[in-house]
Amino acid sequence: MKLFVANWKMHKTRADARAFAEELGREIGAGLGDAELAIAPPFTALAEAGDPSGRWSLAGQNVAAEPDGAFTGEVSATMLVDAGCRYAIVGHSERRRLFAEDGPILSRKLARCREAGLTPIYCVGETAEERDAGLTAVTLVRQLDALDGDPAALPLVVAYEPVWAIGTGRSATAEDSGNACVHIAEILSDRRALRILYGGSVTPANASDLLAARRTDGFLIGGASLSAVSFAAIARA
Ligand code: PGA
């Protein structure tokens with residue numbers, strides 16, 4: 001089943017989230033059948049972004065590397081499950097770049113997800129500099145190292161998000177994203193239940209093209225997921 005994840009980042013109040021959920025409910029009616037939807041709202045709007053009838057699930061945008069304790073400002077994996085989450089985004093490029101999250105921290109976050117029963121949406125992707133230097137493949141290998149201790153039998157979602165495509169309006173071509181997704185699948189060939197998403201400037205206009213790329217099981221969507229109409233349009237691709 002294709003998976004479409006809305007990453008709202010630091011957008012939307014609780015009232016905004018409630019309005020979005022109502023609109024998304026109208027857009028998709030009884031559900032989309034062959035598409036699974038998830039929303040990653042800010043923590044404060046998890047309750048409002050949820051769907052009591054289960055047509056979409058919830059994801060945390062981030063998760064603490066520690067199980068609990070004196071970590072002011074952090075939200076644990078157990079708390080995310082308690083707030084209704086099925087997934088947690090781990091290692092988004094904004095977390096890596098702006099909050100200095102690296103492999104060892106991300107491994108711990110992955111472990112906390114597993115202890116709590118959350119499925120991680122683990123993000124990887126090269127910067128423009130790495131791409132220009134021909135380092136896309138080695139970057140993906142290095143970033144996927146953090147999954148070394150993660151049990152291969154458990155379901156896993158990996159999002160390929162080239163940093164230069166995030167929020168720039170310049171998505172990867174279907175050929176480039178497909179090649180990267182195939183490479184990720186090869187590196188993770190021991191995984192039993194792996195879905196690979198593409199992320200980076202996905203819109204209703206480019207969604208069907210990008211979804212037809214090789215080994216692509218859905219999208220992680222930022223800007224275009226802030227509108228229920230465009231999020232639903234992408235999922236209908
Ligand atoms: P974008 O963001 O769709 O706005 O490019 C994607 C992401 O950061 O997950």
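This report walks through a predicted model of a protein, from its overall build to a few residues worth a visit.

**The whole chain**

Let us start with the fold as a whole. The protein has 10 helices and eight strands. Its C-alpha trace covers about 45 × 45 × 30 Å along the principal axes. For 237 residues, a compact globule would be expected to have a radius of gyration near 18 Å, and the 17 Å of this protein agrees with that.

Buried residues make up 52% of the 237. Among contacts with a separation of 6 or more, 72% are between residues 24 or more positions apart. The exposed surface comes to about 10400 Å², and carbon and sulfur atoms supply 53% of that area. As for charge, there are 24 positive and 30 negative charges, and the mean positions of the two sets lie 2 Å apart.

**Aromatic pairs**

Next come the rings. The structure contains four aromatic pairs. One of them joins Phe4 and Phe219: with ring centres 5.8 Å apart and planes at 65°, the pair is edge-to-face. This pair bridges distant parts of the chain, since Phe4 belongs to strand E1 (residues 2–7) and Phe219 to strand E8 (residues 218–221), 215 residues apart. Phe4 and Phe219 are both buried.

Trp8 and Phe20 form another edge-to-face pair, with ring centres 4.7 Å apart and planes at 70°. Here the partners are 12 residues apart: Trp8 sits in the loop between E1 and helix H1 (14–28), while Phe20 is part of helix H1. Ring pairs also bring in Phe231, giving a cluster of Trp8, Phe20 and Phe231.

**Helix H10**

Phe231 leads us to helix H10, where it is one of the buried residues. How many of the eight residues of helix H10 (residues 228–235) are buried? Six of them are, so the helix is largely enclosed by the rest of the structure. Alongside Phe231, the buried set consists of Ala228, Ser230, Ala232, Ile234 and Ala235. The cover over these buried residues includes E1, H1, strand E2 (35–40), helix H9 (207–211) and E8.

**Two more buried residues**

Lys109 is located in helix H5 (residues 103–116). Is this lysine, Lys109, buried or exposed? Its relative accessibility is 3%, and buried means under 20%, so Lys109 counts as buried. Leaving aside residues up to four places away in sequence, Lys109 touches Asn62, Val63, Ala64, Ala65, Val90 and Glu101.

Leu188 lies in a loop, the one between helix H8 (174–187) and strand E7 (194–199). With a relative accessible area of 7%, Leu188 is buried as well. Its contacts, again not counting residues up to four places away in sequence, are Leu144, Leu147, Leu156, Val158 and Leu194. Leu188 and Ala152 are 36 residues apart in sequence, and their C-alpha atoms are 8.6 Å apart in space.

Here are the relative accessibilities of four buried residues side by side.

| Residue | Relative accessible area |
|---|---|
| Trp8 | 0%, buried |
| Phe20 | 3%, buried |
| Lys109 | 3%, buried |
| Leu188 | 7%, buried |

Note on methods:
Residues are numbered from 1 along each chain as its sequence is written. This is a predicted model: local features need pLDDT of at least 70, side-chain atom pairs count only at pLDDT 80 or more; totals for chains, interfaces and linings use all residues. Side-chain values use heavy atoms; hydrogens and water are left out. Helices (H or I, at least four residues) and strands (E, at least two) are DSSP runs, numbered from the N terminus. The radius of gyration is taken over C-alpha atoms; the globule rule is 2.2 Å times the number of residues to the power 0.38. Buried means under 20% relative accessible area, exposed over 50%, partly exposed in between (1.4 Å probe, protein chains only). Contact means heavy atoms within 4.5 Å. Accessible areas come from the Shrake-Rupley method with a 1.4 Å probe; for residues, only the protein chains shown count as cover. Lys and Arg count as positive and Asp and Glu as negative; His and the chain ends are not counted. The place of a charge is taken as NZ of Lys, CZ of Arg, CG of Asp or CD of Glu. Rings of Phe, Tyr and Trp (its six-membered ring) pair if their centres lie within 6.5 Å; planes under 30 degrees apart count as stacked, over 60 as edge-to-face and the rest as tilted.
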